[in-house]
Amino acid sequence: MTKKKIFLFIFISFLFIFGVYCYFKISKETVINIKSASISYNLYTDDLIADFRDNEKSANEKFAGKIVKIKGKVKEVSFLNNTNTVILLGDESSGIICDFNQKQTKEIKALTKNQTVIIKGIYKGFLKDVVLLNCLLMNDKTNE
Amino acid sequence: MIKRMNKLVPIFFLFISFADFETKQNQFIARQGQITFFSYTSVENIEAKNNQVLSILDINKQEIAISMLMRAFVFKKDLMYEHFNESYIESDLYPKASFEGKIIGFKTSTKGIQTRIIRGNLTIHGITKEIDIKSTIENVGGNYIILGEFDVFVNDFQIKIPPILSSNIAKMISIQFKFQYQPYEE
């Protein structure tokens with residue numbers, strides 16, 4: 001057992017561990033834990049839409065990829081294409097589309113029109129409506 | 001004269017409101033259109049889905065407009081999402097992809113399914129290309145469903161893929177779309 005052999009052994013095992021680590025990192029499936037993620041912005045629907053009306057570009061830069069918590073009224077609930085979506089009432093032409101993971105189907109089905117809800121989600125951008133993905137319903141019973 | 005005017009004014013307004021009503025009837029909107037793209041290679045298959053694609057259809061002008069957020073594509077793996085948005089599509093610079101086109105030979109009178117070519121400009125990664133898309137248009141009780149699929153070449157949109165990953169990503173990406181329209185109301 002020479003020094004060279006020991007060194008080679010350590011080197012190869014290091015390479016192996018590194019390889020395994022890389023494999024797991026690459027093949028890791030998307031699991032975003034929205035529940036424990038910290039909130040960057042706490043807003044009302046009107047504020048968020050007003051920000052976009054003023055300046056879409058700067059609002060995009062401000063919110064892109066950020067986790068926002070938003071309070072608003074339910075306009076519509078949809079299960080189109082196997083998604084769970086709650087659309088929040090905005091101004092006359094825009095709203096907020098919140099796309100949920102499949103877990104809260106029961107709570108979403110129980111929502112009624114104009115019910116006030118608080119939703120946490122990842123901000124993705126603005127088309128005609130603001131789009132939030134990976135959403136989570138914060139209060140499923142509160143009615144105001 | 002004033003009496004006559006008084007009679008004319010309401011009629012005039014009636015015409016305006018009627019005209020307004022008519023234009024709205026011609027427009028349809030899909031807020032939750034679905035676009036899925038696929039990249040098949042021997043190394044790995046990649047699939048991403050966007051369920052928040054916006055589209056507006058004008059049946060009188062036979063025009064269709066589509067807009068989507070690149071960051072709203074959902075991938076199976078984190079790393080795919082990261083590469084897609086940061087390296088290939090550069091979503092900070094080009095957050096949206098869009099399409100504007102005309103449905104050739106579209107007939108509003110046709111009930112049920114009609115297959116038509118939609119010709120228009122597709123913009124991805126800041127590059128615009130003219131394409132023809134074969135689509136199925138279905139009229140369901142006055143509302144429309146448009147679906148179809150087409151292929152695009154990664155090269156056409158100046159999307160650079162590093163040589164080390166070129167075997168993981170197909171040269172040709174196939175895209176599927178499905179839009180369910182509702183009457184457009186402000």
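On a 1 Å grid over the protein atoms alone, a pocket is an open set of points where a 1.4 Å probe fits, with protein on both sides within 12 Å along at least five of seven lines; lining residues have an atom within 4 Å of a point. In this predicted model, local features need pLDDT of at least 70 and side-chain atom pairs count only at pLDDT 80 or more, whereas totals for chains, interfaces and linings use all residues. Residues are numbered from 1 along each chain as its sequence is written, and side-chain values use heavy atoms, with hydrogens and water left out.

The second largest pocket has a volume (the space filled by probe spheres set on the points) of about 690 Å³. Its lining comprises 39 residues, of which B:Phe37, B:Phe75, B:Phe84, B:Ile89 and B:Ile173 are the closest to the centre. H2(B) gives the largest share of this lining, 5 residues. By class, 34 of the lining residues are nonpolar, 3 polar and 2 charged.

The contact (heavy atoms within 4.5 Å) between the two chains involves 26 residues from chain A and 24 residues from chain B. About 2400 Å² is buried between chain B and chain A, with 53% from carbon and sulfur atoms; buried area is the accessible area (1.4 Å probe) lost on being put together, summed over both parts. On the side of chain B, the most area is lost by B:Arg31, B:Gln32 and B:Gln52, together 29% of what that side buries. A salt bridge (side-chain nitrogen of Lys or Arg within 4 Å of a carboxyl oxygen of Asp or Glu) joins B:Arg31 to A:Asp129 at 2.8 Å, N to O.

Terms used:
Chains lettered and ligands numbered in written order. Buried area = accessible area lost by both parts, 1.4 Å probe. Helix = DSSP H or I, 4+ residues; strand = E, 2+ residues; numbered from the N terminus. Nonpolar A, V, L, I, M, F, W, Y, C, P; charged D, E, K, R; others polar.
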